[in-house]
Amino acid sequence: MNFDDVIYLSLLFFSIGFGYYYRTIKDQDLKKNVGTIVGILLTFIVSGVHILHSFVTILVNTLIILYVNKKQCHLVSFAFSFSYLLFFRSTVYFGIPYPPAHTNMVQMMLTLKLVGLAFEVNSTYNAQKKRDTSEKSQDEKDEDEANKIEPNCADIFHYAFNYVGVLTGPYYRYRTFVDYLNFPFAEHVNWKKATIDKLKYVPLYAILFLWGTYNWPLSYATSDEFYERSWLYRYWYIWPNFFIFRMRIYIGLVLSECVCTMAGLGAYPIFTNPKSGQGPSEKFSDMKKLISNDVSLSKTEYSFEAVHNINPYGADFCTTYREAMKHWNICIQYWLAVNIYKRFPNKKHRTTVTMLVSSFWHGIYSGYYCCIGTVPFALALEDVYYKLYLKDAKGQFLKIYGWVHWFVRMHFFSYQAIAFLLLEVNVILHYYNSIYHAGLVIGIILYVVGLQLLKTKRIKEKKEVRSEGDVKKSN
């Protein structure tokens, strides 16, 4: 762990502790101002003069959101923000020093929040347009009203720079931020239990991370000594490095969730069925009525699901690749699903485009594209074997197939993750060449064999159906 990581963790712990005071601020304007000042200070500590990138991004997006036609503002915001993200990561080519490493995460989150805000503004515009031209049910009207936003310049600035989530997320909508300021849920939610429940495993993750880093450092995979080891050892090395990577991510994302729970941001009544990244998904009128009833407010159960961003147990022990993805960076996956996947006009290429946007958002290194870009193939491979064995398996066979499937899933995750970690194309190719691209070769072989087995299975099923039909006819 380097000095930057120590500073970063210290700021996260400060943010968690500060939430104890911040949550108690009653005055809305004071709360916005204090949250923004602290957010700017945190950003300045990790960024220094490079905080100017954040100001430029906010200023231009504010102009886009307020003055560009609401029908296209989300597309303009997306184009500018992701183009600026590319510039931000290429400043050295323009004679500007690279920003510090943790400033990159600040810029990444700022990009999601501001582009997401532009999409929310566009959604409000579309909902208003539909309301003027068609009839809607009361539930749909309540949902439109609950999601309606009309931000001004100051609102956008406060949302972008509020200390909650400014360093490493989780992503939350502008609507969630407005609800936090206007609704009294933070005063009634059991923030202490929610925070402790999340924090209790962090020491274990930290110990495992330090133990793994000490024994199997990533830097060893780039040394000459490493390539003198056996092929089996070099291939096996993807497992401990993916393990270390997971522990590191779990620590950061769980602590970032605790920043939210201590501040009370993201708390909603359970009866609204809140979802990660989105917030409440139903019973909006009941939520509105609840606000004015102090007795009911104190008796209602609340959830922080709106800012739930990582499920370590689910990510580690669920069976399938597809399910594991749903437990990882959940709020950011919500952003990708709602703003890219569902909005992209060509259904055939939705998944590919979504993965490309995710790769670009993570960075410009080849490793991100090698890792995330192979996800569609991994999903296609998994679908074949799911249909072959897991779909109809029962009892003991289901358990056996499930564990075999888990092992293969973790193997492919590990194989992809090493590219994500090594980053540079020459280093990645050096490593993959040394193991003869075994993971990819195994995947292709399994896919080809699986397709043939699936074809044979379907032919057999059709014959059985025909045989049953002939028997019925003869009777």
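A nonpolar core is here a set of buried Ala, Val, Leu, Ile, Met, Phe, Trp, Tyr and Cys residues joined through side-chain atoms within 4.5 Å. The structure shown in these views is a predicted model.

**Figure 1. The largest nonpolar core comprises 107 residues.** Within this core, Tyr163, Phe185, Trp361 and Tyr431 touch the most other members. Helix H13, spanning residues 238-263, gives the most to the core, with 13 residues. A second core, separate from this one, has 19 residues, including Phe245, Met355, Trp406 and Leu421.

**Figure 2. Surroundings of Phe185, one of the core residues that touch the most other members.** When residues up to four places away in sequence are not counted, Phe185 touches Ala267, Tyr268 and Pro269. Under the same exclusion, its partners also include Met287, Leu290, Ile291, Leu297 and Tyr302. Phe185 is, in addition, among the residues that line the largest cavity.

**Figure 3. The largest cavity holds about 60 Å³ of space.** A search of the whole structure finds 3 cavities of 30 Å³ or more. The lining of the largest cavity includes Thr176, Asp179, Tyr180, Phe183, Phe185 and Ala186. Gly264, Leu265, Gly266, Ala267 and Tyr268 also belong to this lining. Helix H8 (174-182) and helix H9 (185-188) each supply at least two lining residues, and the largest share, 3 residues, comes from H8. By class, the lining of this cavity has 7 nonpolar, 3 polar and 1 charged residues.

**Figure 4. The second largest pocket contains about 700 Å³ of space.** This pocket is lined by 26 residues, of which Ser123, Glu143, Asp144, Asn147 and Arg173 are the closest to its centre. At least two lining residues are supplied by each of helix H5 (101-133), helix H6 (138-147) and helix H18 (330-341). H5 provides the largest share of the lining, 10 residues. The lining of the second largest pocket divides into 12 charged, 8 polar and 6 nonpolar residues.

**Figure 5. The cis peptide bond between Gly169 and Pro170.** The omega angle of this bond is about 5 degrees. Pro170 lies in the loop between helix H7 (153-161) and H8. Pro170 is also one of the residues in contact with Val307, when the neighbours of Val307 within four places in sequence are left aside.

**Figure 6. Val307 in the loop between strand E2 (302-303) and helix H16 (312-317).** Val307 counts as buried because its relative accessibility, 1%, is under 20%. Leaving aside neighbours within four places in sequence, Val307 is in contact with Pro170, Tyr172, Glu257, Cys260, Leu265, Gly266 and Cys331. Two of these partners, Leu265 and Gly266, are found in the lining of the largest cavity. From C-alpha to C-alpha, Val307 and Val427 are 36 Å apart in space, and in sequence they are 120 residues apart.

**Figure 7. Thr195 in helix H10, residues 191-199.** With a relative accessibility of 4%, Thr195 counts as buried. The side chain of Thr195 reaches the backbone oxygen of Trp191 at 2.8 Å. Thr195 also touches Cys258, Thr261 and Met262, residues up to four places away in sequence not being counted.

**Figure 8. Thr57 in helix H3, residues 51-67.** The relative accessible area of Thr57 is 1%, and Thr57 is therefore buried. Residues up to four places away in sequence not being counted, Thr57 touches Phe80, Tyr84, Gln107, Leu110 and Leu114.

**Figure 9. Positive phi at Asn273, a residue other than glycine.** Phi of Asn273 is near 50 degrees. Asn273 lies in the loop that runs between strand E1 (268-269) and helix H14 (284-290). At a relative accessibility of 30%, Asn273 counts as partly exposed.

**Figure 10. Positive phi at His437, which is not a glycine.** The phi angle of His437 is about 55 degrees. His437 is located in the loop between helix H23 (425-434) and helix H24 (438-474). A relative accessible area of 26% makes His437 partly exposed.

Methods:
Residues are numbered from 1 along each chain as its sequence is written. This is a predicted model: local features need pLDDT of at least 70, side-chain atom pairs count only at pLDDT 80 or more; totals for chains, interfaces and linings use all residues. Side-chain values use heavy atoms; hydrogens and water are left out. On a 1 Å grid over the protein atoms alone, a cavity is a set of points where a 1.4 Å probe fits but cannot get out, and a pocket is an open set with protein on both sides within 12 Å along at least five of seven lines; lining residues have an atom within 4 Å of a point. Grid points are joined across faces, edges and corners, and a volume is the space filled by probe spheres set on the points. Helices (H or I, at least four residues) and strands (E, at least two) are DSSP runs, numbered from the N terminus. Ala, Val, Leu, Ile, Met, Phe, Trp, Tyr, Cys and Pro count as nonpolar, Asp, Glu, Lys and Arg as charged, and the others, Gly among them, as polar. Buried means under 20% relative accessible area, exposed over 50%, partly exposed in between (1.4 Å probe, protein chains only). Contact means heavy atoms within 4.5 Å. A polar contact is a pair of N or O atoms within 3.5 Å; within protein, one must be able to donate a hydrogen and the other to accept it, and residues adjacent in sequence count only if both atoms are side-chain atoms.
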